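Welcome to a short tour of one protein model. Please have a look at the sequence and the fold first, and then we can go through the cysteines, the core and the charged pairs together.

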Amino acid sequence: MVALALDVAEDGMRAGELPIGAVVVMGDEIIGRAYTQERTLGRRLVHAELLAMEQADRRLGWTRRDGPVTLAVTLEPCLMCLGAAMAFGVRRVYYGLEAPDDGAAGVPAVWRPASQDMSFSHLPTVTGGYLRKECRDQFARYAAAAPDGSFQRYAERMAALPDYRID
């Protein structure tokens with residue numbers, strides 16, 4: 001599924017955006033797809049995951065889900081996007097490249113809700129490293145072609161992550 005998100009991230013790069021793509025899948029069907037649009041829209045709350053989940057939410061509404069919802073994204077989701085995934089009912093999140101500065105993949109290991117009966121939302125399982133090199137390579141290509149600025153510097157940091165992450 002991260003391969004699908006990589007394709008969406010390519011679309012974003014062609015539009016001048018950071019190479020962050022996301023797809024929302026239910027069963028065998030893509031119900032949402034988007035890339036980050038911070039440059040295009042000049043806004044901050046337009047992450048790929050949020051836009052893809054919003055698209056899926058408009059499509060599904062409150063209807064009964066035909067199976068678990070999965071989110072695949074090229075970059076580790078931030079806390080805001082992980083919270084949105086919880087609210088939307090995503091069961092699994094797969095991502096490619098870790099985001100050391102703002103990634104939220106570690107939240108499930110430390111989050112302990114006061115109530116064990118949270119039937120309205122559940123923390124999804126979050127796993128990363130899928131097509132990691134390809135995701136990192138996209139950031140390197142973006143950094144090489146982007147104008148100087150914060151997006152270019154962020155892409156350089158992502159592209160410079162070491163080949164193997166040691167925890």
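## Cysteines without bonds

Cys-78 counts as buried, at 11% relative accessibility. As you look around this residue, bear in mind that the model is a predicted one. Which cysteine sulfur is closest to that of Cys-78? It belongs to Cys-81, and at 3.7 Å the two sulfurs are too far apart for a bond, since a disulfide needs them within 2.5 Å.

Cys-135 is in no disulfide either, and its nearest cysteine sulfur, again that of Cys-81, is 15 Å away. With a relative accessibility of 0%, Cys-135 is buried. The count for the structure is therefore 0 disulfides, given the 2.5 Å limit on the sulfur pair.

## The nonpolar core

Let us move on to the interior. In soluble globular proteins, nonpolar side chains tend to be buried together. Here the largest nonpolar core has 48 residues. Which of its members touch the most others? They are Val-24, Met-53, Leu-75, Phe-88, Val-90 and Phe-139. Helix α3 is the element that gives the most to this core, contributing 7 residues.

Leu-75 is a good place to zoom in. Leaving aside residues up to four places away in sequence, Leu-75 touches Ile-20, Tyr-95, Leu-97, Ala-99, Phe-139, Tyr-154 and Met-158, among others. Its contacts also include two acidic residues by name, Glu-49 and Glu-98. Phe-139, one of these partners of Leu-75, is itself among the core members that touch the most others.

## A salt bridge between two helices

Turning to charge, the structure holds 9 salt bridges. One of them joins the side chains of Glu-10 and Arg-141, with N and O 2.2 Å apart. Glu-10 sits in helix α1 (residues 2-14) and Arg-141 in helix α6 (residues 132-145), so this pair ties together parts that are 131 residues apart in sequence. Arg-141 is partly exposed, its relative accessibility being 42%.

## Salt bridges within a helix

Helix α1 also has a salt bridge of its own: Asp-11 pairs with Arg-14, and their closest N and O atoms are 2.4 Å apart. The two residues lie 3 positions apart in that helix, about one turn. How exposed are they? Asp-11 is partly exposed at 25% relative accessibility, while Arg-14, at 63%, counts as exposed. The pair does not stand alone, as Asp-11, Arg-14 and Arg-33 are linked in a network of salt bridges.

In helix α3 (residues 48-60), Arg-58 and Glu-54 are 4 residues apart, or about one helical turn. Their side chains meet in a salt bridge at 3.0 Å, N to O. Arg-58 is exposed, with a relative accessible area of 57%, and Glu-54 is partly exposed at 43%. The helix that carries this pair is also the one that gives the most residues to the largest nonpolar core.

## Beyond the helix α7

A last stop is Tyr-164, found in the segment after α7 (150-159). Is Tyr-164 buried or exposed? At 70% relative accessibility, Tyr-164 counts as exposed. For a sense of distance, Tyr-164 and Thr-125 are 39 residues apart in sequence, and their C-alpha atoms lie 22 Å apart in space.

Conventions
Residues numbered from 1 in each chain as written. Predicted model: local features only at pLDDT ≥ 70, side-chain atom pairs only at ≥ 80, totals over all residues. Heavy atoms only, no water. Salt bridge = Lys/Arg side-chain N within 4 Å of Asp/Glu carboxyl O. Buried < 20%, exposed > 50% of the residue type's maximum accessible area, 1.4 Å probe, protein only. Core = buried A, V, L, I, M, F, W, Y, C linked by side-chain atoms within 4.5 Å. Contact = heavy atoms within 4.5 Å.
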